[in-house]
Amino acid sequence: MTVMIDTGNYIAAKAAVMAKPEVVAAYPITPQTTLVEGIANYVGTGEFKGEYICVESEHSAMSACIGASAAGSRTFTGTSSHGLLLMHEMLHWAALARLPIVMCNINRVVGPGWNIWTDENDSISQRDTGWIQFYCSSNQEIFDTVIQSFKLAENKDVVLPVMISYNAFILSHTSMPVEIPDQSVVDDFLGDYEPKWKLDVNNPITFGNIIDPLSYYKVRRAMQDAQDHAKALIPQIAKEWKKKSGFYHGDLLELYNCDNADYILLSMGAIGAESKVAIDELQKEGMNIGLARVRTFRPFPTEEILKLSKNADLIIIDRNISVGLEGALFTEVKAALYGKSEAKVHGFIAGLGGKDVTYNDIKTICKKAMTGKAKGYEWYGLTEV
Amino acid sequence: MKKYDVVTTISYPKTGAMGKTGSWRVFKPVFDKEKCVKCLRCWIFCPEASIKREKDDTISIDYDYCKGCGICAQECKVKAITMEREGEKK
């Protein structure tokens with residue numbers, strides 16, 4: 001085991017290379033660039049022995065990953081914002097084809113206006129593609145989640161692609177110490193990749209052929225079942241990883257001081273980490289509040305959130321907006337509770353366009369909700385303070 | 001043949017999955033064994049695997065499934081395959 005002090009992107013590159021994918025196909029985009037640059041560097045040092053395909057666009061990057069994965073290779077890529085959006089068609093394709101591709105997405109604002117800072121609208125827009133979605137809040141979590149994602153994606157009851165999102169610059173370009181296990185630990189944990197199906201000249205099949213309505217209906221249902229399996233497997237895989245590496249990042253929700261809390265704050269990504277400071281300070285001020293950071297947006301932790309709402313009101317901070325409605329996490333939390341919980345749910349939009357969300361901002365939001373001053377749903381911080 | 005235990009859109013090779021597609025044919029390829037030089041271009045290019053390769057590297061045509069596209073006749077450099085309208089004899 002060694003400690004590596006590096007940025008989220010270089011840590012993700014390290015994790016990806018240690019998982020030994022046979023193919024990486026990627027196209028650079030700020031703020032993902034240093035991730036693929038990191039992998040390219042491992043090609044130079046000889047540590048990455050797979051095929052590194054430089055393509056002409058993100059649509060091609062995902063298409064190349066689909067081809068490689070369909071041929072039976074472990075496959076990795078990374079992108080961000082407009083790159084992710086350009087992949088959109090092929091994201092559906094990868095999931096419907098049941099190809100266990102692992103991809104990092106660095107959450108970046110969608111233009112116009114041109115903006116390279118963070119919010120979650122890029123990955124929230126891919127919610128319905130069938131990909132499993134993780135949101136990380138530290139570089140250690142990025143490392144552990146990338147490794148675990150290969151195991152999850154390739155599990156015979158899952159066989160779905162996995163997207164690991166983390167915030168532009170706040171994580172992608174910020175150095176933190178990360179404990180890196182020995183290569184043998186990763187090898188032992190992941191094992192050799194055995195594809196569930198593959199294109200093979202010695203066993204010829206065709207893929208993506210015409211399919212009747214009922215058969216297609218069954219394909220969709222199988223994807224849903226696979227996401228349900230993933231929900232149960234995510235903590236199991238994390239426990240197995242902890243046994244081998246000593247680290248645990250694996251619950252669908254990361255809970256912080258939730259026992260007996262009257263209020264629970266829910267958010268995703270780096271805001272979830274920042275919130276811990278706010279929770280500590282609010283508790284010192286005598287307020288009974290906890291934090292549930294949502295790690296998996298798909299599969300959505302419906303039962304876990306419902307359980308939290310039995311004794312606490314919920315405060316949601318969304319760094320995204322489904323224009324015409326409200327924040328995506330807010331919508332989904334309310335859906336999880338519908339008809340089964342009396343809890344009040346307060347929704348806040350914050351930090352769009354990469355606007356800073358400090359622990360003081362989070363405290364202000366929580367206090368507003370806890371003192372009964374919050375509306376059902378509102379935008380925080382639209383004016384200069 | 002190995003079948004995969006996964007619910008997605010995979011299809012396995014099978015003769016006549018769409019029924020006897022030979023009934024779709026308007027033009028029919030007719031093979032003249034005397035002209036054949038055994039180059040097998042027709043066998044390579046037939047998109048429906050309806051050209052059967054014989055032991056002596058000449059060919060026969062599977063009229064049950066040949067749709068009459070005419071690619072074999074186009075590719076044959078010695079005009080050993082010619083297209084005739086169905087029901088018409090030259």
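User: What makes up the secondary structure of chain B in this predicted model?

Analyst: Chain B of the predicted model holds two helices and five strands. Along the sequence, these elements of chain B are arranged as β-β-α-β-β-α-β.

User: How do you know that strand β9 of chain A and strand β1 of chain B pair?

Analyst: Two strands pair if DSSP finds at least two bridges between them. Strand β9 of chain A (residues 206–207) and strand β1 of chain B (residues 10–11) share two bridges, in the antiparallel sense; therefore the pair meets the criterion. Within this pairing, A:T206 lies opposite B:S11 in β1(B).

User: How many residues of each chain take part in the contact, and what classes are found on the side of chain B?

Analyst: Chain A contributes 17 residues and chain B contributes 11 residues. On the side of chain B, seven residues are nonpolar, three are polar and one is charged.

User: What does the radius of gyration of chain B show when set against a compact globule of 90 residues?

Analyst: The globule would have a radius near 12 Å, whereas chain B has 15 Å. The rule is 2.2 Å times the number of residues to the power 0.38, so chain B departs from the value for a compact globule. Along the principal axes, the C-alpha atoms of chain B fill a box of roughly 50 × 30 × 20 Å.

User: What share of chain B is called buried, and why?

Analyst: Of the 90 residues, 16% count as buried, because a residue is so called if 20 or more other C-beta atoms lie within 10 Å of its own.

Technical notes
Residues numbered from 1 in each chain as written. Chains lettered and ligands numbered in written order. Predicted model: local features only at pLDDT ≥ 70, side-chain atom pairs only at ≥ 80, totals over all residues. Contact = placed C-beta atoms within 7 Å. Nonpolar A, V, L, I, M, F, W, Y, C, P; charged D, E, K, R; others polar. Helix = DSSP H or I, 4+ residues; strand = E, 2+ residues; numbered from the N terminus. Buried ≥ 20, exposed ≤ 12 C-beta atoms within 10 Å, placed from the backbone.
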